Amino acid sequence: MSTTPLRLKELSKKEDLLTGGHRMCAGCGAPIAIRQVLLAAEMPVVVANATGCLEVSTTIYPYSAWKVPWIHTAFENAAATLSGVEAMYRALKKKGKIKERIKFIAFGGDGGTYDIGFQSLSGAMERGHDIVYICYDNGAYMNTGIQRSSATPLGANTTTSPAGKVIPGKLQPRKNLTKIMAAHGIPYVAQTTPAHWRDLMTKVRKALEVDGPAFINVLSSCNRGWRTPTDRAIEDCKLAVETCFWPLYEYENGKLTINQKPKEKKPVVEFLKTQGRFKHLFSPENEHLLKKAQELVDKEWEDLLREERMWKAEEGE
Amino acid sequence: MGKVLAVTGNQAIAEAMRQINPDVCAAYPITPSTEVMQRFAAFVADGKVDTELVTVESEHSAMSACIGASAAGGRVMTATSSQGLALMWEMLHIASGMRMPIVMTLVNRALSAPINIHGDHSDGMGARDCGWVQLWSENGQEAYDNLIQAIRIAEHEDVRLPAMVNMDGFIISHSIESMEFLPDDVVKDFIGEYKPKNPLLDIENPVTMGPLVLPDYFMEFKRQQHEAMLHVKDVVLEVAKEFEKVSGRSYGLFEAYRLDDAELAIVVLNSAAGTCKDVIDEYRDRGIKVGLLKPRLFRPFPYEEVAEALSGVKVIGVLDRAESFGGFGPMYMEIASAMMTNGSKPIMINKIYGLGGRDFMPEHAAMVIDELKEIAETGKVKLYKDYLGVRE
């Protein structure tokens, strides 16, 4: 089977499997990312979706924006639900009732992945199901109205970590889920953004090709929660990568590769200053939080570089 | 005729599952149902079944995976108890709302707190509004027979609902009884091939399952679920008739024991019914007209049929192995509702017994019958709801 080259001209000829007419917000990063994922797939896929914006906005009965088989059961269990689908696929394939090769993709937001769905995700990865779990991480529970999650960055103003007179937004740094998933020792783990479409689609193809579980964390802007104009979705994702707030990297069978190293690493304030959720951090009394935010980014980036150097040194021997 | 063997209730269930040979099982260990999946895992490991066994990390994921597997288009089974069922609770509603004919054995056990691993009906009764068909079983034989029939009931074209088969934890699950098993090929023929409906794995005809349904359509979904439940009674009887042909064992919506001319009656589920029947025989020998009704199908509840069976009874003692704190026991509420359908007005008392595995002894059954007799003679009720066999 020939693979569609990752060129816009060729890709534009492929059918969109998430059709227009869904009710995601203008300026939302998620449907852009989902369309890229589905465009990247070169084989039939079945999708499971955690409860969230993507699920409610694309399947308002009696309409559906999905042109692929799609299932939603609850919030915390997209990975468990899909592991059941995949188990049935194996059972029926074994009995000759299904002939074709089908791949399985779960979509969840950061709430459904980092928090409430974390256990079922970890379990499914450990059991080795042949599924790809894709988290679209917009850094809060946006569907219920912008509540903090464990993916919410330090200092962000959300409706449950409001920037008040005494407490300046979220006090805790975000959980590094991509690293945690890498620690599961699964064949493929990566993070990317829809602003880097070729990177995203290459990663999706790698994830679909491996035999066994794969996880991709996709930073996805939310203009409602990030407090940005609707035309900022792609620009803000680019800034996240240029500031190393969200480095593009992947683990292939445990080996780290950093996919993009900014020529000049921008200060994290470049990413923060365009977003209303961080506005209060620019008041003089919150200077320490900006400093802390920079330290967090620097540490994660340096750790990644060190780890990659280690791999390169080993290969050089 | 099949083999007669001495086995535990759990062993009987595992054996039924081996014979049913489902496509997927997703389960998580919990006392007292653990042995079911343990034995079944051995069948998988020894190649005695073709099942894909998904050993999930929680009961919530067990039921989630069962729903995913059932939606994908095949036969799915699981087993659990107590806290496990409680953790599944969210997904139980989703399994029935999505019309997934999953069949589960529920080895009944008390709910925490305080934590207790022994048999009572709090788990199954707590799940009575989850939209699952519920069958209850007095002993291992009934549990085995019910499980095989549950496949046919759940998957029936007019039903397509999940079903749970209840049996008492430890009292039945861990006790050895002599039981008759059907031959493998008889079970295979009886359950037939699974017929998927709009399966998720039909790539050519993509379906969207589990969409958001707003007020404009939500009630129609629920009405259809209700309609499916309305069909269950007939299907249960039809399946029972066919089952009798292959097994020689006859089943109805409930068992009526010496009830025809009874003036006093006990209503009780599961293993305690056996104890009560022995005591009823003793009272019958003394000329006391007492009988028993043991529901088998609890969801949907056969109100009219139960009312008809109890219509000549003057005083009914309803025994509940589950509490509804601040209310009557769940079985009492059903029997009271049933009696409303035919206008007969027996006096009814409610006894809460056997919680957390507390033994239900013949003398407890005798105490109830004595009290029913006294009420019939005096017309006076001391307490409508009371505990049996408890330290006050």
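Glu138(B), Glu142(B), Glu255(B), Lys277(B) and Lys294(B) are joined in a network of salt bridges. A salt bridge here is a side-chain nitrogen of Lys or Arg within 4 Å of a carboxyl oxygen of Asp or Glu. What you have above is a predicted model, where local features need pLDDT of at least 70, side-chain atom pairs count only at pLDDT 80 or more, and totals for chains, interfaces and linings use all residues. Residues are numbered from 1 along each chain as its sequence is written, chains are lettered from A and ligands numbered from 1 in the order in which they are written, and side-chain values use heavy atoms, leaving out hydrogens and water.

Staying with salt bridges, the structure holds 55 over all chains. I will go through three of them.

One pairs Lys312(A) with Glu308(A), with the closest N and O atoms 3.9 Å apart. Both residues lie in helix H12 (residues 287–316) of chain A, four residues apart, about one turn of the helix. Helices are DSSP runs of H or I with at least four residues, strands are runs of E with at least two, and both are numbered from the N terminus. Which end of this bridge is buried and which is exposed? Lys312(A) is exposed at 51% relative accessibility, whereas Glu308(A) is buried at 6%. The cut-offs are under 20% relative accessible area for buried, over 50% for exposed, and partly exposed in between, with a 1.4 Å probe and protein chains only.

Another is Arg223(B) with Glu227(B), at 2.9 Å between the closest N and O atoms. These two are four residues apart in helix H8 of chain B, so about one helical turn separates them. Arg223(B) is partly exposed at 45%, and Glu227(B) is partly exposed at 30%.

The third is Glu374(B) with Lys382(B), at 3.5 Å. Glu374(B) is partly exposed at 38%, and Lys382(B) is exposed at 69%.

Next, the aromatic pairs. There are 19 over all chains. Rings of Phe, Tyr and Trp (its six-membered ring) pair if their centres lie within 6.5 Å, and planes under 30 degrees apart count as stacked, over 60 as edge-to-face and the rest as tilted. Tyr61(A) and Tyr217(B) have ring centres 5.0 Å apart and planes at 80°, so they are edge-to-face. Tyr61(A) is in the loop between helix H3 (53–58) and strand S2 (70–71) of chain A, and Tyr217(B) is in the loop between strand S9 (208–209) and helix H8 (218–247) of chain B, so this pair joins two chains. Tyr61(A) is partly exposed at 29%, as is Tyr217(B) at 33%.

Phe190(B) and Phe243(B) are also edge-to-face, because their centres are 5.5 Å apart and their planes at 75°. Phe190(B) lies in helix H7 (residues 184–191) and Phe243(B) in helix H8, both of chain B, so the pair ties together parts 53 residues apart in sequence. Phe190(B) and Phe243(B) are both buried. The charged end of Arg152(B) sits over the ring of Phe190(B), 4.7 Å from its centre. That label requires NZ of Lys or CZ of Arg within 6 Å of the ring centre and within 35 degrees of the ring normal.

Last, helix H6 of chain B, residues 140–155. All 16 of its 16 residues are buried, so H6(B) is largely enclosed by the rest of the structure. H6(B) bends by about 30° at Gln149(B), the bend being the angle between axes fitted to the seven residues ending there and the seven starting there.
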